[in-house]
Amino acid sequence: MSDAALRPRRRESELNGILVRSPYPLAWIAIALAAVIVVTIVGFTLGTADLGLSKALNGLHTGAVGAVSTAIYHVISPGPAIGITVVVVAVIWWRARDVRPALAFGGTIAITWVPSAIVKEIVHRARPDVAVLPHPYPVQPDPGYPSGHTVYITAFVIALVWVLADTRWHRLAQVLGVVAIVVVFFAVTIDAVHYPTDAIASIAWSLLIAPGVRVVWVDWLMPRIPFLRGPLRRA
């Protein structure tokens, strides 16, 4: 009997739920492609349809509510969001003792998030007019549809829930994740840096596109990268 056979096998980390191979890869990719097209087309039709709701939500931007919503907007702006993601990637790598779930997590977020900025430039929907808002936020230089902040937090939550799928933290991640998405939705709409429809479209974007992104990145591309090769789990 070889020495390798005599050595105890290292226990597989529980933090690898994101590595479970999708049983319906082509369906998820088709849904993702359709979502990109639909979300983009819808963006051209919205105009200022929900300006009244934006003004009403912005009316809540007082005292502690206003301070918290603005703080949240700053905390998950692109720079800090990238930093948060890098830290969580490092923690997953450390806890799993395997770089694959960590990079699956980070890659899924990035590939879901970054293309939304391209759609934002294509649609070029203006943000709510600060001249009619009761508590206007400083004018933002870029268009508003979809909301990058909301795309990011939704993709982050989805990827983290996948990572924690086989752990006792899974249900808690789902509950707190939904809370986080709702909080960010209200933060960006109370600040009125986005119309409510910007944020709703962003949630739909991540929910419909992230599974297809995970198929392409984790199931198809990662196994082709030498240092990321390893057995993917079957569903």
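Me: What makes Trp169, Leu172, Val175, Leu176, Val179 and Val183 a nonpolar patch on the surface?

Reply: In this predicted model, the six form a patch with about 530 Å² of accessible area together. To join such a patch, a residue needs over 30% relative accessible area, and nonpolar side chains such as Val, Leu and Trp are linked within 5 Å. Leu172, for one, has 42% relative accessibility, so Leu172 passes that cut-off of over 30%.

Me: Why is Leu172 called partly exposed?

Reply: Buried means under 20% and exposed means over 50%, with partly exposed in between. Leu172 stands at 42%, so the middle label applies. You can find Leu172 in helix H8, residues 170-190.

Me: How do you know that the span of helix H5 is close to what is expected?

Reply: H5 covers residues 78-96, which is 19 residues, and reaches 27 Å from its first C-alpha to its last. At 1.5 Å a residue, 27 Å is expected, so the two values agree closely. Just after H5 comes Arg97, with a positive phi near 55 degrees.

Me: What puts the buried residues of H5 on the same side?

Reply: Those residues are Ala81, Thr85, Val88, Val89, Ile92 and Ala96. They cover an arc of only 110 degrees around the axis, so they share one side of H5. There is a simple background to this: an α-helix has 3.6 residues a turn, so residues three or four places apart point the same way. The buried residues of H5 pack against helix H4 (63-75), helix H6 (99-123) and helix H7 (148-163).

Me: Which residues of H5 are exposed on the other side?

Reply: Val86, Val87 and Trp94 are exposed there. That label calls for over 50% relative accessible area.

Me: How do you know that helix H3 has a buried side?

Reply: In H3, residues 51-58, the buried residues are Ser54, Leu57 and Asn58. Their arc around the axis is only 100 degrees, so they lie on the same side of H3. They pack against H8 and helix H9 (196-221), while the face turned away carries the exposed residues Gly52 and Ala56.

Me: What share of the protein chain is buried?

Reply: Of its 235 residues, 46% are buried, a label that requires under 20% relative accessible area. The accessible surface of the chain comes to about 12,300 Å², and 71% of that belongs to carbon and sulfur atoms.

Me: How many helices and strands does the chain have?

Reply: There are nine helices and two strands, and along the sequence they follow the pattern α-β-α-α-α-α-α-α-α-α-β.

How values were computed
Residues are numbered from 1 along each chain as its sequence is written. This is a predicted model: local features need pLDDT of at least 70, side-chain atom pairs count only at pLDDT 80 or more; totals for chains, interfaces and linings use all residues. Side-chain values use heavy atoms; hydrogens and water are left out. Patches are made of residues with over 30% relative accessible area and no salt bridge: like charges are joined within 9 Å, nonpolar side chains (Val, Leu, Ile, Met, Phe, Trp, Tyr) within 5 Å. Accessible areas come from the Shrake-Rupley method with a 1.4 Å probe; for residues, only the protein chains shown count as cover. A salt bridge is a side-chain nitrogen of Lys or Arg within 4 Å of a carboxyl oxygen of Asp or Glu. Helices (H or I, at least four residues) and strands (E, at least two) are DSSP runs, numbered from the N terminus. Buried means under 20% relative accessible area, exposed over 50%, partly exposed in between (1.4 Å probe, protein chains only). The arc is that of the directions from the helix axis to the C-beta atoms. Contact means heavy atoms within 4.5 Å.
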